[in-house]
Amino acid sequence: MTLALFLGSLFGLMSLGMPIAFALILAGVVLMWHLDFFDAQLVAQNLLNGADSFPLMAVPFFILAGEIMNAGGLSRRIINLAISCVGHRHGGLGYVAIIAAIILASLSGSAIADTAALATLLLPMMRNHGYPVGRSGGLIAAGGIIAPVIPPSMPFIIFGVTTNLSISQLFMAGIVPGILMGFGLVLAWRWSLGGIELQLQPKQSRQQRWLAVKDGLLALLMPVIIIGGLRGGIFTPTEAAVVAAAYALLISTLVYRELNLKQLLPLFIQAAYTTSIVMFLCAAAIVSSYMITLADLPQELIELLSPLLDSPRTLMLAIVIAMLLIGMVMDLTPTILILGPVLMPLVIKAGIDPIYFGVMFVMVGCVGLITPPIGTVLSVVSGVAREPMETLVKGILPFLLMYLGLIALFVLFPQLITVPASLLN
């Protein structure tokens, strides 16, 4: 009854068009009213506590690092480096998009920022060389969602804060699945281009490749510094975010000299705007999370799904299917904030590795970013390419099916995530 009341009020308010943050707060208030101890001061206190979190300080700095990276030339140099290596092959620009997506993912951790950069720089080139626009846009969107899986990942930060898991362990556990996502895209792209004639890029000389490597070396050092620092215990994820932002700023202004002081102000404003949205969502989620714990909703959910607790794989499959459906109508961050605290006790009760579950949760949620009707990342590509959403939905099907197959593989064989994660951690 209590679970139905919470979910009914939450989704009911959202269906009326209320912003998710306010719907989360009011859903918590509904639970307070149901439990007969409404206290406005308690709501305000939880809102403040939700934003007062040291790990969440990583979010604004990683957002700022992504903004500086795209405006300061780091993203462009990475793409140029990939073009010099594989651009001359059949479908080479698609391979460039995949390689660049993996590298950019290890820099910013933002699916939208990486997708916008890739689409802006690569889609016009792919169109000019005769690549199918729908398939090219679908590939770029599919590559963009690697960003939340490979560290540094903002969804992992939010998931770790929400569920009290180690963010560093989530970061390390996401490396191998993210690389496997990229490898799967290579296979799907190669299969999807069978029999299509394409205009090839000229093969670059060894000297041109060396110049591209030399030009992009400082950009490539950024993920080495971040992941190496985390793995070596030199700094925390929050400190890593500060290092990333400072490094991107120094390279863009002092070395590449593509940013000046006048250009920095709009970047700071945009980063602050994005941060305010994320932080308010996190603060609002703490209100509902507090009431979820107080109303003992996880225990109610455990009793509801108790027949599946003895079969972790079956339970995981049920959660994946539910999340795929939810992801079609809800963005990743709200999904984490709403479902993370509810599902984690159930997962632990079933004996599922919490770090493995966190990686799967974020990966499955990312698929929702490229599926209609919401498809946030798909909408970004649609806007940049000026193509109707229907064209991109058709173009993304091979990559979407590949991701679903990979998720099924991870459900059947959790060791593909847990074993590399234990070695890296």
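In which helix is Thr-335 found? Thr-335 is found in helix H17, which covers residues 332-349, and I would like to begin there, keeping in mind throughout that the structure we are looking at is a predicted model.

Thr-335 has a relative accessible area of 3%, and since anything under 20% is called buried, Thr-335 is buried. If we set aside residues up to four places away in sequence, Thr-335 touches Met-323, Ile-326, Met-330, Gly-340 and Phe-361.

A second threonine, Thr-275, has its place in helix H14, and with a relative accessibility of 11% Thr-275 also counts as buried. When neighbours within four places in sequence are left aside, Thr-275 is in contact with Pro-60 and Ile-63.

Let me turn now to the nonpolar core. The largest nonpolar core holds 151 residues, and the members that touch the most other members are Ile-140, Leu-185, Trp-189, Met-222, Phe-357, Met-360 and Tyr-403. Helix H14, where we have just been, gives the most to this core, with 12 residues. As background for those of you who are new to this, nonpolar side chains in soluble globular proteins tend to be buried together.

What is Phe-357 in contact with, once its neighbours within four places in sequence are left aside? The contacts of Phe-357 are Phe-159, Met-316, Ile-319, Leu-343, Met-344, Val-347 and Ile-352.

Two other residues from that group of core members, Leu-185 and Trp-189, bring us to a pair of packed helices. Helix H6, residues 92-105, packs with helix H11, residues 175-192, at an angle of about 170°, and their axes lie 10 Å apart. Angles over 145 degrees count as roughly antiparallel, and H6 and H11 are therefore described as roughly antiparallel to each other. On the H6 side the residues that meet H11 are Gly-94, Tyr-95, Ile-98 and Ile-102, while on the H11 side they are Gly-182, Leu-185, Val-186, Trp-189 and Arg-190. Sorted by class, this contact of H6 with H11 is made up of 6 nonpolar, 2 polar and 1 charged residues.

Just before H6 in our tour comes a loop residue, Arg-89, which lies between helix H5, residues 74-86, and H6. Arg-89 has 48% relative accessibility and counts as partly exposed. Although Arg-89 and Pro-202 stand 113 residues apart along the chain, their C-alpha atoms are separated by 9.0 Å.

It is worth setting other pairs beside that one. Leu-297 and Leu-378 are 81 residues apart in sequence, and from C-alpha to C-alpha they are 34 Å apart in space. Leu-297 itself has its place in helix H15, residues 297-304, and at 0% relative accessibility Leu-297 counts as buried. Val-243 and Met-181 are 62 residues apart along the chain, with 27 Å between their C-alpha atoms. Val-243 sits in helix H13, where its relative accessible area of 29% makes it partly exposed, and, not counting residues up to four places away in sequence, Val-243 touches Ile-225 and Phe-235.

I would next like to look at the backbone in some of the loops. Where does Pro-152 lie? Pro-152 lies in the loop between helix H8, residues 133-144, and helix H9, residues 154-163, and the peptide bond that leads from Pro-151 to Pro-152 is cis, with omega near 0°.

Asn-164 is in the loop between H9 and helix H10, residues 167-173, and although Asn-164 is a residue other than glycine, its phi is positive, near 60°. Is Asn-164 buried or exposed? With a relative accessible area of 71%, Asn-164 is exposed. Arg-257, which is not a glycine either, likewise has a positive phi, of about 55°, and Arg-257 lies in the loop between helix H13, residues 237-255, and helix H14, residues 261-294. At 65% relative accessibility, Arg-257 counts as exposed.

Finally, a word on the cysteines. How many disulfides does a search of the whole structure find? The search finds 0 disulfides. Among the cysteines, Cys-85 counts as partly exposed at 37% relative accessibility, whereas Cys-366 is buried, with a relative accessible area of 0%.

How values were computed: Residues numbered from 1 in each chain as written. Predicted model: local features only at pLDDT ≥ 70, side-chain atom pairs only at ≥ 80, totals over all residues. Heavy atoms only, no water. Axes fitted to C-alpha atoms, helices over the stretch in contact; angles between N-to-C directions. Helix = DSSP H or I, 4+ residues; strand = E, 2+ residues; numbered from the N terminus. Parallel < 35°, antiparallel > 145°, perpendicular 65-115°, else oblique. Contact = heavy atoms within 4.5 Å. Nonpolar A, V, L, I, M, F, W, Y, C, P; charged D, E, K, R; others polar. Disulfide = S-S within 2.5 Å. Buried < 20%, exposed > 50% of the residue type's maximum accessible area, 1.4 Å probe, protein only. Core = buried A, V, L, I, M, F, W, Y, C linked by side-chain atoms within 4.5 Å.
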